[in-house]
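Let's take a walk through a protein together, one piece at a time. Keep the sequence and the 3D view side by side as you read.

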Amino acid sequence: MSKRKTERLLGLVVCLLSTRRYLTADQIRAAVPGYPEQDDLFKRMFERDKEDLRELGVPLETGLNHPFDDDPGYRIRQQAYELPELRLEADEAAVLGLAARVWQRAELAGAAAGALLKLRAAGIDAGDESAALQDIEPRLGTPEPAFGPLWEAVRDRRPVTFSYRAAGRSEPQQRELEPWGVVNRHGRWYVAGWDRARAAPRVFRLGRIAGTDVRELVRDWDSAPAREQTAVLRVRSGTGVGLRRHASSVRPADQAGWDLVTTTFGDVGPFADYTAWFGPDAVVLDPPDLREAVIARLKGALA
């Protein structure tokens, strides 16, 4: 799903959640950015968006505010949209926290961090300060460049083409696949799906994929090594074991119950993802760009 469409769908959900009345299509077009002015283009796009929301499980309602209204309206009842109250035992919350830490440095890091923030907002502690998890540092790496595009293709149900060097062959062959899933087996990543050319299910090892071409999924990779930077954080006492473990210095802060933690990092993005994972227990004081990046991730998780 493209960034533009994602933003439009999010705006549509927020708009329909914030009203108690049914909004007509014209009212929605005026309130939600991203819709075209041409009536025919808007109608086709709006119909697709409604189908996408229903496929995602969003309880989109259609109805009339008054019996004499000519055009139907739409809304999302907040009670139907919200998740029921979450009740997890301590061991269940710990498992969720451990699963999220597995993906800490992988392509799913953002989703994992957002899930943990939502659990904390619901009053469920799945943080790494749990004594049972302090000495466990699981990692599930995804070094293959094809992982990201293939995972997004599975998520968006898009076909993908790539050059594949099969075992025993000197030259790669072009493959066109409708991917079903990306899995790890014995430390190696594989993608399974429907091979269009062979009209049969096939499994491909990611390490043998020479290149991928997923529509609307083009990424520019910076090969230059990341410049090491220094971060100063205020961390709540008794929390943030991961931040403290790699810190260059830890000293009491002026505010009771907090410590000043100084540590180094490379890229702002990954470290902001990691810091945001600690929620209200870690506050970035410096540098400003890291602080803004963490705030943006926390706001996004709350939204």
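In which sense do strand β8 and strand β10 pair, and over how many bridges? Find residues 229-236 for β8 and residues 258-265 for β10. The two strands pair in the antiparallel sense, over 8 bridges. If you would like one bridge to look for, start at Arg236, whose bridge partner in β10 is Trp258. Keep in mind as you explore that this is a predicted model.

Now let the view widen around that pair. Strands β8 and β10 belong to an open sheet of 4 strands, in the order β9-β10-β8-β11, with antiparallel pairing. The edge strands are β9 (249-252) and β11 (282-286), and each of them pairs on one side only. On average, neighbouring strands of this sheet are turned by 25° against each other, direction ignored. What holds strands of a sheet together in general? They pair through backbone hydrogen bonds, either parallel or antiparallel.

Follow the chain out of β11 and you come to the loop between β11 and α10 (288-302), where Pro287 is found. The peptide bond from Asp286 to Pro287 is cis, with omega near 5°. A second backbone feature to look for is at Ala199, in the loop between β5 (188-195) and β6 (200-205). Ala199 has a positive phi of about 50°, although it is not a glycine. To put both features in context, most residues other than glycine have a negative phi, and most peptide bonds are trans.

Strand β6 is also home to Ala200. Is Ala200 buried or exposed? With a relative accessibility of 15%, Ala200 counts as buried, because the cut-off for that label is under 20%. Leaving aside residues up to four places away in sequence, Ala200 touches Gly193, Trp194 and Asp195. Leu177 is 23 residues from Ala200 along the chain, and their C-alpha atoms are separated by 10.0 Å. Another buried alanine is Ala166, at 16% relative accessibility. You will find Ala166 in the loop between β3 (160-164) and β4 (173-185). Ala166 and Phe204 are 38 residues apart in sequence, and from C-alpha to C-alpha they are 8.5 Å apart in space.

Next, travel back to helix α1, residues 3-17. Its 15 residues reach 21 Å from the first C-alpha to the last, close to the 21 Å expected at 1.5 Å a residue. Which residues of α1 are buried? They are Arg8, Leu9, Leu12, Val13, Cys15 and Leu16. Seen down the axis of α1, these buried residues fall within an arc of 165°, so they line one face of the helix. On the other side of α1, Lys3, Leu10 and Val14 are exposed. The cover over the buried residues of α1 includes α2 (25-31), α3 (39-55), β1 (60-63), β2 (73-76) and α4 (78-81).

Between α1 and α2 runs a loop that holds Thr19. Thr19 is buried, with a relative accessible area of 18%. A polar atom of the Thr19 side chain lies 3.1 Å from the backbone nitrogen of Arg21.

Finally, step back to see the whole protein chain, with its 10 helices and 11 strands. Of its 303 residues, 38% count as buried. Among contacts between residues at least 6 apart in sequence, 56% join residues at least 24 apart.

Notes
Residues numbered from 1 in each chain as written. Predicted model: local features only at pLDDT ≥ 70, side-chain atom pairs only at ≥ 80, totals over all residues. Heavy atoms only, no water. Expected span 1.5 Å × (residues − 1). Buried < 20%, exposed > 50% of the residue type's maximum accessible area, 1.4 Å probe, protein only. Arc of directions from axis to C-beta. Contact = heavy atoms within 4.5 Å. Pairing = 2+ DSSP bridges. Axes fitted to C-alpha atoms, helices over the stretch in contact; angles between N-to-C directions. Polar contact = N/O pair within 3.5 Å; in protein donor to acceptor, adjacent residues only side chain to side chain.
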